[in-house]
Amino acid sequence: FVPSPFDATSQLYRTGDLARWLDEDELEFLGRDDRQVKLHGQRIELDEITTTLMSHPEVTAAAVQLNRLETEAPEAFCKSCGLSSRYPEIRFDAAGICSTCTAFEGYRQELDQYFRSLPELEARFRQLRDRRQGDYDCLMLLSGGKDSTYVLYQLAAMDLDILTFTLDNGYISEGAKANIRRVTEHLGIDHVFATTEHMPEIFADSLARYSNVCNGCFKTIYTLSMNLARERGIPSIVTGLARGQLFETRLVDMCSAEQFDPATIDTTVAAARKAYHRIPDAPTRLLPVKIFEDDRIFDEIEFIDFFRYCDVELAEMYSFLADYAPWVRPQDTGRSTNCLINDTGIHVHKLERGYHNYALPYSWDVRLGHKTRSAAMAELDDQIDVDRVSAILAEIGYQPKDRGSEQSLTAFYTAGEELASRALRDWLAEHLPPYMLPTHFIRLPALPLTANGKVDYAGLPQATRRTAQDTTPPRNDLERALTELWRARFGLTQIGIHEDFFELGGDSVLAIQLVDTAAADGLSLEPRQLFEYPTIAELATELASSTAGRAAQRAPAAPQVAASESDRARVLAALKQRSEDRSGHG
């Protein structure tokens with residue numbers, strides 16, 4: 001507000017708008033005469049931040065502007081398997097070979113014992129047949145794709161009584177549906193199309209948690225199929241997960257822990273399946289989950305991964321389908337799936353996390369000889385119809401977060417020596433709201449000036465998205481859970497526990513988003529805690545301390561035990577996200 005030049009007793013509001021009078025007594029708007037910007041929906045006066053920063057006793061000059069962060073380094077692909085360099089925890093050697101390929105060569109033979117043969121599968125079905133209480137030996141999850149269709153024909157050749165099951169999630173391609181009808185009629189096999197009205201909410205929840213649609217869809221498939229299997233007295237459910245998907249969902253973590261014993265792997269997978277069906281997410285909230293209240297359902301129904309017992313190359317599979325089955329590759333969907341919404345999941349995952357969500361399983365297909373590298377890379381090269389993706393996102397109500405077009409506030413300053421970004425941020429936080437705090441602080445020898453001595457904003461350097469420099473690994477489950485959250489949020493392949501959240505590019509909005517994601521995974525934290533404890537190490541210590549304090553108030557007789565149990569429950573949910581985020585399939 002400024003004194004009115006027309007009335008000394010009143011004030012006028014200086015809007016910052018620039019205009020001129022026209023002859024017709026009209027005002028023509030010419031823009032603004034100040035440096036007000038809009039970020040995350042908030043109007044911000046950059047000069048107010050500048051003035052506050054210059055009040056710091058060691059800052060001699062300052063300027064603040066809104067920068068668009070530069071995108072990260074170009075994506076590279078492993079010369080052996082084709083895995084993206086942006087996949088978390090992946091490193092490349094001088095020859096361009098990824099660390100997963102190098103490690104796999106060291107335990108390839110040990111893992112061979114996990115896989116079985118078709119005669120062993122037939123023997124297993126003979127044992128299960130004695131447990132059936134209805135008309136069917138097994139329930140087969142049939143997507144209409146090449147893998148599951150091939151599996152169905154192999155099962156039929158074993159003279160099994162099969163019921164096939166497909167989730168019609170509202171986006172199954174007509175070509176895939178036609179395949180399902182043709183092959184089931186060809187074999188004379190009963191089939192069930194299942195539906196649920198909750199798929200839009202389930203898809204939106206899956207995108208928010210995992211940046212893909214597969215997690216929510218597959219959990220819906222498993223939930224509904226297990227209900228159906230119990231209802232029909234069917235003792236087993238057969239999946240058509242390719243060997244690459246088996247590594248992604250079953251074996252990756254076991255390999256990293258060097259646990260190759262098949263019985264140990266099966267026990268771990270069974271325990272993970274129980275925890276998986278009790279994670280509080282949209283499918284758990286919206287679908288019939290009473291069967292998971294105890295463990296009986298997991299004893300009644302066995303899951304059988306067909307490709308654990310059968311090793312077949314992609315070319316051989318296509319040849320078999322061409323010769324024996326009325327299967328036609330759908331023309332109305334992408335190359336990676338028979339589901340029209342899957343392109344939406346791929347698009348969002350690339351946008352939010354920087355790489356294709358099928359990158360890992362396809363790389364395992366290559367390592368295992370199921371696909372050639374060129375075939376896998378071709379299947380990852382999806383031609384996304386962005387207009388259709390946008391329409392689907394509007395239908396399910398999800399707005400993706402674009403990592404490649406983020407804007408941030410950058411503060412430039414001059415001082416006698418380098419000042420810690422955290423100290424400057426704390427100084428500004430005493431005077432400004434969180435949404436006005438700069439993400440980056442850059443010390444310059446001098447601010448660039450125009451000919452008339454004003455700050456030359458065009459001459460200020462461009463802020464870049466800084467990659468993690470600390471590589472200190474997490475030391476406990478809580479730090480591991482937080483590390484995974486940060487990796488996913490920043491799209492980094494590696495991050496140490498001493499990296500500063502804000503120096504990596506975090507801001508108040510990103511802090512709120514991370515808090516929401518953590519809450520969905522059972523980790524309770526507040527945005528203020530990220531400002532006060534901006535490193536993983538500090539935040540984990542604070543969370544453990546505050547959890548112990550709350551537990552002590554609830555149960556003063558045994559505070560340490562209560563806190564430990566509470567921590568484990570929260571960490572379990574967060575670690576399950578890590579495993580499921582890698583799988584895309586649960």
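Two strands pair, in the sense I will use this morning, if DSSP finds at least two bridges between them. With that in hand, let me turn to the sheet in this structure, which is a predicted model, and begin with β8 and β9, which run parallel and are joined by four bridges. Within that pairing, Met-140 stands opposite Thr-164 in β9.

Before going further into the sheet, a word on the whole chain. The protein has 586 residues, of which 50% count as buried, and its secondary structure comprises 22 helices and 14 strands. If we take the contacts with a separation of 6 or more, 72% of them are accounted for by residues 24 or more positions apart.

Back to the sheet, then. β8 and β9 belong to an open sheet of five strands, paired in parallel, whose order is β10-β9-β8-β11-β12. At its edges are β10, residues 190-194, and β12, residues 302-305, each of which pairs on one side only. Averaged over the sheet, and with direction ignored, neighbouring strands are turned by 25° against each other. Towards the β12 edge, β11, which spans residues 236-239, pairs with β12 in the parallel sense over four bridges, and there Thr-239 stands opposite Asp-305 in β12. Helix α4, residues 146-157, packs on this sheet and touches β8, β9 and β11, while its direction makes about 155° with that of β8.

Which residues lie on each side of β9, and are they buried or exposed? As general background, the side chains of a regular strand alternate between the two faces of the sheet. In β9, Ile-162, Thr-164 and Thr-166 are on one side, Leu-163, Phe-165 and Leu-167 are on the other, and all of these are buried, which leaves both faces covered. Put as a count, six of the six residues of β9 are buried.

From β9 I move to the edge strand β10, where His-191 is found. His-191 has a relative accessibility of 24%, and therefore counts as partly exposed. Leaving aside residues up to four places away in sequence, His-191 touches Leu-163, Thr-164, Phe-165 and Thr-166, and also Leu-142, Ile-180 and Thr-184. For a sense of the spacing here, the C-alpha atoms of His-191 and Ile-162 are 8.7 Å apart, with their positions 29 residues apart in sequence.

Next come two residues whose backbone deserves a careful look. Most residues other than glycine have a negative phi. Asp-159, although it is not a glycine, has a positive phi of about 60°, and Ser-211, likewise not a glycine, has a positive phi of about 60°. Where does each of them lie? Asp-159 is in the loop between α4 and β9, whereas Ser-211 is in the loop between α6, residues 199-210, and α7, residues 214-232. As for their surroundings, Asp-159 has a relative accessible area of 62% and so is exposed, while Ser-211, with a relative accessible area of 3%, is buried.

Another loop residue to consider is Ile-341, which is placed between α12, residues 314-324, and α13, residues 342-353. Why does Ile-341 count as buried? The cut-off for that class is under 20% relative accessible area, and Ile-341 is at 0%, so it counts as buried. Not counting residues up to four places away in sequence, Ile-341 touches Tyr-171, Phe-203, Val-213 and Ile-392. The C-alpha atoms of Ile-341 and Cys-214 are separated by 9.5 Å, although these two residues are 127 residues apart along the chain.

I will finish with a pair of helices. Two packed helices are described by the angle between their axes and the distance between the axes. For helix α1, residues 46-54, and helix α17, residues 421-429, the axes come within 10 Å and cross at roughly 110°. Angles of 65 to 115 degrees count as roughly perpendicular, and α1 and α17 are therefore roughly perpendicular to each other. The crossing of α1 and α17 is right-handed. Which residues make this contact? From α1 there are Ile-49, Thr-52 and Leu-53, and these meet Leu-424, Trp-427 and Leu-428 of α17. Sorted by character, the residues of this contact are five nonpolar and one polar, with no charged residue.

Conventions:
Residues numbered from 1 in each chain as written. Predicted model: local features only at pLDDT ≥ 70, side-chain atom pairs only at ≥ 80, totals over all residues. Heavy atoms only, no water. Axes fitted to C-alpha atoms, helices over the stretch in contact; angles between N-to-C directions. Helix = DSSP H or I, 4+ residues; strand = E, 2+ residues; numbered from the N terminus. Parallel < 35°, antiparallel > 145°, perpendicular 65-115°, else oblique. Left-handed = near helix turned anticlockwise from the far one by under 90°. Contact = heavy atoms within 4.5 Å. Nonpolar A, V, L, I, M, F, W, Y, C, P; charged D, E, K, R; others polar. Buried < 20%, exposed > 50% of the residue type's maximum accessible area, 1.4 Å probe, protein only.
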